[in-house]
Amino acid sequence: MRPVRVFLIFFLLCHLLAAEENPYRTVVSEQAEETPATGATTVITEKEIEKKQKGQVADLLRETPGIHVATAGGAGALTSLFIRGGKAGHALVLLDGVRLNDPLSVENAADLSDITADAVSRIEILRGPQAVIYGPDAMSGVVRIVTKRGGGRPALSLTGESGLVDLSTDHIAVNHLRTGASLRGGTENGDYAAAIYYRDTGGYSAAAGHDGNIEEDRSRLLTLNGRAHLFLSDHLTLGASIRAASADTDLDNGPGRYRDDINHTFESDRLFGRVSLDGSFFDGQWLPSWSVAVSHHACDDRNAPDGTGDEWGFSHAGFRGETVEASWRNDITALPLQRLRAGLVFNAGFGGSDHRTDREHDITALDIGRKDTYGLGLYLQDIVSPVEGLDLTAGGRFDLFIHRTHDTAIDSAGSTVVADTDRLRMLPRGTFGVEAAYRVAATDTRLRAGAGSAFKPPSLFQLYSRYGSEFLRPEETLAFDGGIEQRFWDRRVSLEVNGFYQETRDLIEFSYGCDGMLCGRYRNLGWLVARGVEAIVVIRPDEQFTISANYTFTDTDSWEIVSYDGGRWRDTRPVLRRPVHLANLWADWTPDNAFNANFSLTVIGPRNDIEYRYPYQPAVVRLPPAVIGSLALTVRPGPLVDLFARLENLFDERYELVRGYGTPGLSLYGGMRFHFEEARP
Ligand SMILES: [Ca+2]
Ligand SMILES: [Ca+2]
Ligand SMILES: [Ca+2]
């Protein structure tokens, strides 16, 4: 397996770094780690991740304001993120600075199914458009996942966990296993962190059990993470990070009644890597960063006939995609009271897919050959602080999106090809972001207001698939938001309220309507408006207790402009999987270092979804609200060991995140973790 080999090379490199340790040396920090200064932001810390024991980053994101997560099936199935009412492809997800968005997915969206929380130290959620710094696709928000960094004495930790998923079934069995090891350390010359985890989980059917599906589906996932820094001098740090994830997941034949399939599988191998050189010159007044990030996605959907509903024959769809991004970023603080950030980014995306089947009449929409797209971005952002407490941010960016179009000209008789040419199509776009934030020191109040824009180029699928068009324009969005943050009672209580309005035009959506042989195509006819309020309260009466709660109201409208009979009409489109009401509560009790108990509650309001009814007519349905609770306990009997246990879906709620797909009922997990640290000399 290729990821294992890459990981072993990484491990060897870590050992080469091993020299005398000195964790106290100040180092040039890596820009991939930085906390953003502006916008409506939520940060999930390492402590919180550890306490909540959630296996997946998606489960942690679900508990933050403005976010809904939908999984179409069991563990390992496609997991999509919706921020502030945007589409799944409107959320940009970065892991250690590498884009996770899959160039071969329909919307170029990130699939969070294989992003486990094992090696993660921090998750930052930036809501609203973030195009100036993050470029294309940062439409409704950006999620930055940062993995654990090494440092200090070498420390090894071993984890083992097992679980009973879905206790409500009549055949209770141990159907979950998670095991792994992580190593962290630092020397005078650098630091390193590496982790390997394996998870095998199942216990319920991907196609919903209440629709008569009884075959359990499993998912096996191996992940490898590595991150290292080499301090070249007082001014330069070389950084490298890799993540490899190899998953093998059982699927069924879509949602609905009796869709079980015993041999329909989805295999994915994803590899993400980044190398960076971070500098600090002129007493830290110029911080340049050069980096190259790559991603590789290889996915295979296989289904052989077995007499359970796929009697039509064998099917195999393969998807291969890569991205490369090279960037040069500079932070300049040469002038007093201002911080300037400027950068240049080049990116390329390659990919293709092919679909083989023995069904002669099969529509090979998934067969799009191998294609490429390119992007070039140039940005400048300045933060000025003219008076104490006031920060004014203004930034602008220019992007050029480049892809190929293929022209085939046919002679007047309509039979002979007279010209067959490839052309480069260039689409320039400008984006901006402005914000004013003011902190009133006397009352400990922070006021903030901002506006920003972003764009999203059409995906490879939207450009080149059978339903695509090479002449699609990028989607464009404009948003306004503002908020107030107030702290009370010696900062033991904080209250934050944000309001937002976001309008997206030229939305690329599948539009029905016969055009030659095709009854539908991707067109730039859609509009999406999302407006809402996020309220967040955190109460920390003393060191032992934390209670935090958030509520998000999101009102979305979507429509398409259609031309019919010489007139133009506004045709309302259903907005799927975006609940109007979302609420979360988290109560945490840490009486001392040896014990922690915490309780989370997520309430997902009603939302629209699609149901495919016989004979395959899509109908919009309303999914009822869901209340999902979980309870997690950690006990530390000694410095070497942690014992942990959690109950998920505490109230055994029967709910769906995507219509027709299963979710687990009440589940119990438990395990232990051992820590070994090199003794002090
Ligand atoms: Ca099944
Ligand atoms: Ca299956
Ligand atoms: Ca099959």
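**Figure 1. A hairpin and its neighbouring strand.** Two strands count as paired if DSSP finds at least two bridges between them. Strands β30 (residues 626-638) and β27 (residues 595-604) are antiparallel and share ten bridges, while seven bridges link β30 to β31 (residues 641-648), again in the antiparallel sense. To find your place in this predicted model, look for Val-603, which sits opposite Val-627 in β30. Further along, Ser-630 of β30 faces Glu-648 in β31. The turn is brief to describe: two residues lie between β30 and β31, and the two strands make a hairpin.

**Figure 2. The whole chain, for orientation.** Before the next close-ups, here is the setting: the protein chain holds five helices and 32 strands. Its 681 residues include 45% that count as buried. Taking contacts between residues at least 6 apart in sequence, 66% of them join residues at least 24 apart.

**Figure 3. An open sheet of five strands.** Follow the order β1-β6-β7-β4-β5 across this sheet, whose pairing is mixed. Its edges are β1 and β5 (98-99), each of which pairs on one side only. Starting from the β1 edge, β1 (residues 40-44) is antiparallel to β6 (residues 120-127), with five bridges between them; Ala-40 and Arg-127 stand opposite each other here. Next, seven bridges connect β6 to β7 (residues 141-147), and this pair is also antiparallel. The parallel part comes with β4 (residues 91-95), which is joined to β7 by five bridges. Arg-144 in β7 is a handy landmark: Glu-124 stands opposite Arg-144, and Leu-94 has Arg-144 as its bridge partner. As a general reminder, strands of a sheet pair through backbone hydrogen bonds, either parallel or antiparallel.

**Figure 4. The largest nonpolar core, seen around Leu-81.** This core gathers 84 residues, and those touching the most other members are Val-57, Leu-61, Leu-81, Val-143 and Ile-145. Strand β10 (residues 190-204) is the biggest contributor, giving six residues to the core. Which residues surround Leu-81, once neighbours within four places in sequence are set aside? Its contacts are Leu-61, Ile-67, Val-69, Ala-88, Ala-91, Val-93, Ala-110, Leu-112 and Val-143. In soluble globular proteins, nonpolar side chains tend to be buried together.

**Figure 5. Two non-glycine residues with positive phi.** Most residues other than glycine have a negative phi, so these two loops deserve a pause. Asp-166 is not a glycine, yet its phi is positive, at about 65°. You will find Asp-166 in the loop between β8 (155-164) and β9 (176-186). Is Asp-166 buried or exposed? It is buried, because 28 other C-beta atoms lie within 10 Å, and 20 or more are needed. Tyr-258, likewise not a glycine, has a positive phi of about 50° and belongs to the loop between β12 (236-250) and β13 (264-279). Tyr-258 has 13 other C-beta atoms within 10 Å and is therefore partly exposed.

**Figure 6. An exposed valine in a loop.** Val-387 occupies the loop between β17 (369-384) and β18 (390-410). Why does Val-387 count as exposed? It has 8 C-beta neighbours inside 10 Å, and a residue with 12 or fewer is exposed. Include Leu-337 in the view too: Val-387 and Leu-337 are 50 residues apart along the chain, and their C-alpha atoms are separated by 8.7 Å.

Notes. Residues numbered from 1 in each chain as written. Chains lettered and ligands numbered in written order. Predicted model: local features only at pLDDT ≥ 70, side-chain atom pairs only at ≥ 80, totals over all residues. Helix = DSSP H or I, 4+ residues; strand = E, 2+ residues; numbered from the N terminus. Core = buried A, V, L, I, M, F, W, Y, C linked by C-beta atoms within 7 Å. Contact = placed C-beta atoms within 7 Å.
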